[in-house]
Each structure stands twice: as C-alpha cells, then as structure tokens.
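Trainee: I have a model open in front of me and would love to go through it with you. Shall we take it one piece at a time?

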Amino acid sequence: RDRDREQLRPGPPAAAAAAAAAALPDTFSKPGTEAEIFLLFPTPKTFSMPVDWISCSYAAVVTVSGILGYTRRGSVMSLITGVIFGSLAGYGAYQISNDRHNVKISLITAGILTVAMGMRYRKSGRLIPAGLVAGISLIMVLRLIIMMV
C-alpha cells in the first residue's frame with residue numbers, strides 16, 4: 001500500500017491530503033486506491049444500508065394518524081398511542097433495514113394495530129381513521145409474513 005502511494009507521487013496540494021489520509025486508521029481505508037483522501041466523506045458503497053421505505057412510510061402514517069386524532073378530536077390517547085406505535089414501527093423499520101429477516105418488532109406492532117383498530121372499526125363503522133389504519137396494518141402483517149419466508 002505504501003508502495004502504491006510512492007508510485008503516484010502527488011503534487012504539493014495533494015501531498016497534505018495524502019498525509020492526512022495516511023494518518024487515518026486502516027479500518028476506514030480502501031487499499032490500493034487514491035480515493036483514500038476522501039475518507040472523511042465516505043461514499044455510499046462504504047457505509048450503505050438499504051432502507052425499507054415501505055415500513056418507514058407505515059411508521060409515519062401511524063404517527064401522523066395519532067397526531068391528527070389529537071388535533072381534530074383532542075384525544076390525548078390517540079396522540080400517545082400514535083406516537084408509541086409509530087415509534088415502535090419506526091424501530092422495526094430500522095431493524096428490517098439492517099436485517100431483512102428481523103421482522104419481530106414490526107410484526108408484533110402491525111399485528112396489535114390490526115386487531116385493535118379492526119375492533120374499533122367494527123364498533124364505530126368509521127373508515128377513517130380506524131378502518132384505514134386497520135387495513136394498512138393488515139397489509140403490513142401480510143407483507144412481513146411474506147418477508148419471513
């Protein structure tokens with residue numbers, strides 16, 4: 001690796017950058033490339049994580065529906081449950097983004113919301129918000145079960 005740096009012989013401005021790159025720990029470097037200078041700003045290939053946008057969107061919908069329940073009806077319980085279940089769904093989305101088969105938290109959260117909001121929809125007959133959240137949660141449960149296979 002040091003031999004490769006000597007062969008390139010960087011000019012005066014690049015010499016300072018090359019010296020700074022040489023001072024960085026080896027865990028951050030890509031051996032054999034001149035791109036080591038830009039390690040302070042890693043490329044997506046270096047530190048990339050596939051994001052599960054569907055689960056993130058689901059978490060956002062659950063959180064926003066709790067906030068809307070509070071602003072429209074003044075329901076503090078809607079706000080609390082929306083933020084709690086939205087946070088749990090967001091954490092589950094983070095776990096799925098790290099490991100596609102780690103769906104426990106998301107599955108439990110979506111399952112609880114499917115049952116609770118389904119019962120609420122059946123009792124009230126209102127499509128929004130209970131029926132909508134129950135339907136979206138059911139779709140998430142089915143999606144997560146398919147992901148487990």
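Mentor: Happy to! This is a predicted model, and a good place to begin is S97, which lies in helix α4.

Trainee: Is S97 buried or exposed?

Mentor: The cut-off for buried is under 20% relative accessible area. S97 has a relative accessible area of 6%, so S97 is buried.

Trainee: Which backbone atoms does the side chain of S97 reach?

Mentor: One partner is the backbone nitrogen of D52, at 3.0 Å. The other contact, at 2.9 Å, is with the backbone oxygen of A93.

Trainee: Which helix supplies the largest share of the largest nonpolar core?

Mentor: That core has 17 residues, and Y58, L113, M117 and L144 touch the most other members. Helices α3 (53–73), α4 (76–98), α5 and α6 each supply at least two residues. The largest share is seven residues, and these come from α6.

Trainee: At what angle do α5 and α6 pack?

Mentor: Two packed helices are described by the angle between their axes and the distance between the axes. Here α5 spans residues 104–124 and α6 spans residues 127–148, with axes 8 Å apart. Their crossing is left-handed, and the contact residues divide into 16 nonpolar, six polar and one charged. The angle between α5 and α6 is about 150 degrees.

Trainee: Which residue does a cis peptide bond join to I128?

Mentor: Most peptide bonds are trans. In this bond, omega is about 5 degrees. The partner of I128 lies in helix α6, and that partner is P129.

Technical notes. Residues are numbered from 1 along each chain as its sequence is written. This is a predicted model: local features need pLDDT of at least 70, side-chain atom pairs count only at pLDDT 80 or more; totals for chains, interfaces and linings use all residues. Side-chain values use heavy atoms; hydrogens and water are left out. Axes are lines fitted to C-alpha atoms, for helices over the stretch in contact, and angles run from 0 to 180 degrees between N-to-C directions. Helices (H or I, at least four residues) and strands (E, at least two) are DSSP runs, numbered from the N terminus. A crossing is left-handed if the near helix is turned anticlockwise from the far one by less than a right angle, and right-handed if clockwise. Ala, Val, Leu, Ile, Met, Phe, Trp, Tyr, Cys and Pro count as nonpolar, Asp, Glu, Lys and Arg as charged, and the others, Gly among them, as polar. A nonpolar core is a set of buried Ala, Val, Leu, Ile, Met, Phe, Trp, Tyr and Cys residues joined through side-chain atoms within 4.5 Å. Buried means under 20% relative accessible area, exposed over 50%, partly exposed in between (1.4 Å probe, protein chains only). A polar contact is a pair of N or O atoms within 3.5 Å; within protein, one must be able to donate a hydrogen and the other to accept it, and residues adjacent in sequence count only if both atoms are side-chain atoms.
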